[in-house]
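Student: Can we go through this one piece by piece? I'd like to start with a helix and then move on.

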Amino acid sequence: MINDNEIKALISLLDDDDQEITEHVEQKIRELGGQLIPYLESEWEDSFSPLHQKKIEELIHDLQYQSVLDRIRIWKETGGVDLLEGLWIVATYQYPDLSLDKLRQEIKQLYLDVWLEGKSEMHPIDQIKTLNSVFFNKLKFAANTKHFHSPSNSMINVVLESRRGNPISLCVIYMMIAQQLGLPVYGVNLPSLFVLTYKKDHTQFYINVFNRGLVFSKSDIDHYIGQLNLKPADTYYQPCTNLDIVRRVLRNLMLAFEKIGDTGRIKEVEQLLDAVNDEGATPPLSDYTSK
């Protein structure tokens with residue numbers, strides 16, 4: 001155990017003139033982990049040296065990133081049961097103070113807004129039409145065509161706030177609302193486009209949330225796959241897993257950073273992707289047009 005005074009004394013040595021001492025201190029701070037972030041933030045505020053502040057900023061980022069990496073590994077190892085938790089972990093890469101409970105409350109409020117408009121005895125197509133009406137007209141969710149490649153499209157908190165997203169971010173919010181309503185709606189991994197499927201017993205159809213909830217059929221997927229000169233595969237028609245979804249979100253995020261040339265973040269997101277990938281797994285798809 002290390003007490004407050006010892007932590008403060010340790011952090012004060014980051015500004016030591018002896019490089020060997022500072023390197024040892026940095027190593028010790030990394031070993032102690034995220035619990036030191038508040039102390040580092042306090043040191044940053046008290047410092048008047050830009051170089052010292054930059055060193056602290058880099059340490060804080062590294063500790064926060066390690067926390068994201070550890071949490072996403074645990075999430076994957078425990079089965080990736082809670083999709084919202086997985087998306088929250090991804091979002092904490094850029095928003096480390098983001099509250100999971102706050103996200104849950106926001107999704108619950110969206111569900112309540114839709115629930116007030118629906119009737120359980122409706123035909124499945126009519127249930128989706130009602131959900132579409134509330135989601136796009138009342139709640140004002142829409143495709144972020146203006147900033148399609150923005151990293152913010154992979155941050156569920158930003159999409160919930162702005163009501164603008166890419167195919168997968170809009171789909172996951174729509175899907176979580178639908179599932180809370182008791183609707184059998186799931187994600188489907190199409191090449192370059194993430195969609196949803198309504199699947200129960202002998203009833204199955206598809207929903208393009210990026211195109212305002214357009215309902216389409218298996219034959220439309222056949223046509224789409226044919227245009228891309230791809231062979232049909234079950235993954236293009238059947239529900240995918242929460243892990244598949246988070247992998248695709250991370251792939252989108254990595255490609256977004258590629259677009260702006262941020263090599264440091266590309267490498268970090270690639271590590272997050274590696275942490276949720278299975279050995280020998282097929283490379284994850286993305287919502288971006290294939291190169």
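**Helix α2 and beyond**

Tutor: In α2, the buried residues (buried is under 20% relative accessible area, exposed over 50%, partly exposed in between, with a 1.4 Å probe and protein chains only) are T22, V25, E26 and I29. They lie on the same side of α2, because they cover an arc of only 100° around the axis; the arc is that of the directions from the helix axis to the C-beta atoms.

Student: What kind of model is this, and how are residues numbered?

Tutor: It is a predicted model, in which local features need pLDDT of at least 70, side-chain atom pairs count only at pLDDT 80 or more, and totals for chains, interfaces and linings use all residues. Residues are numbered from 1 along each chain as its sequence is written, and side-chain values use heavy atoms, with hydrogens and water left out.

Student: Why would residues three or four places apart point the same way?

Tutor: An α-helix has 3.6 residues a turn, so residues at that spacing point the same way.

Student: Which residues are exposed on the other side of α2?

Tutor: E20, H24 and E31 are exposed there.

Student: And what do the buried residues of α2 pack against?

Tutor: They pack against α1 (4-12), α3 (37-46) and α4 (50-77). Contact means heavy atoms within 4.5 Å. Helices (H or I, at least four residues) and strands (E, at least two) are DSSP runs, numbered from the N terminus.

Student: What comes just after α2?

Tutor: G33, with a positive phi of about 80°.

Student: Switching to α11, how far does that helix reach?

Tutor: Helix α11, residues 242-259, reaches 26 Å from its first C-alpha to its last, close to the 26 Å expected at 1.5 Å a residue. The expected span is 1.5 Å times one less than the number of residues.

Student: Is α11 mostly covered or mostly exposed?

Tutor: Mostly covered: 13 of its 18 residues are buried. G261 follows α11 and has a positive phi, near 70°.

Student: Next, N157. Where is it found?

Tutor: N157 is in helix α8, residues 156-162. N157 is buried, at a relative accessible area of 13%. Leaving aside neighbours within four places in sequence, N157 is in contact with A91, Y95, L98 and L103.

Student: Last topic, strands. How many bridges join β3 to β4?

Tutor: There are 6, and the two strands, β3 (residues 185-190) and β4 (residues 193-200), run antiparallel. Strands pair if DSSP finds at least two bridges between them. V185 has Y198 in β4 as its bridge partner.

Student: Which residue in that hairpin takes a positive phi?

Tutor: S192, near 65°, in a hairpin with 2 residues between the strands.
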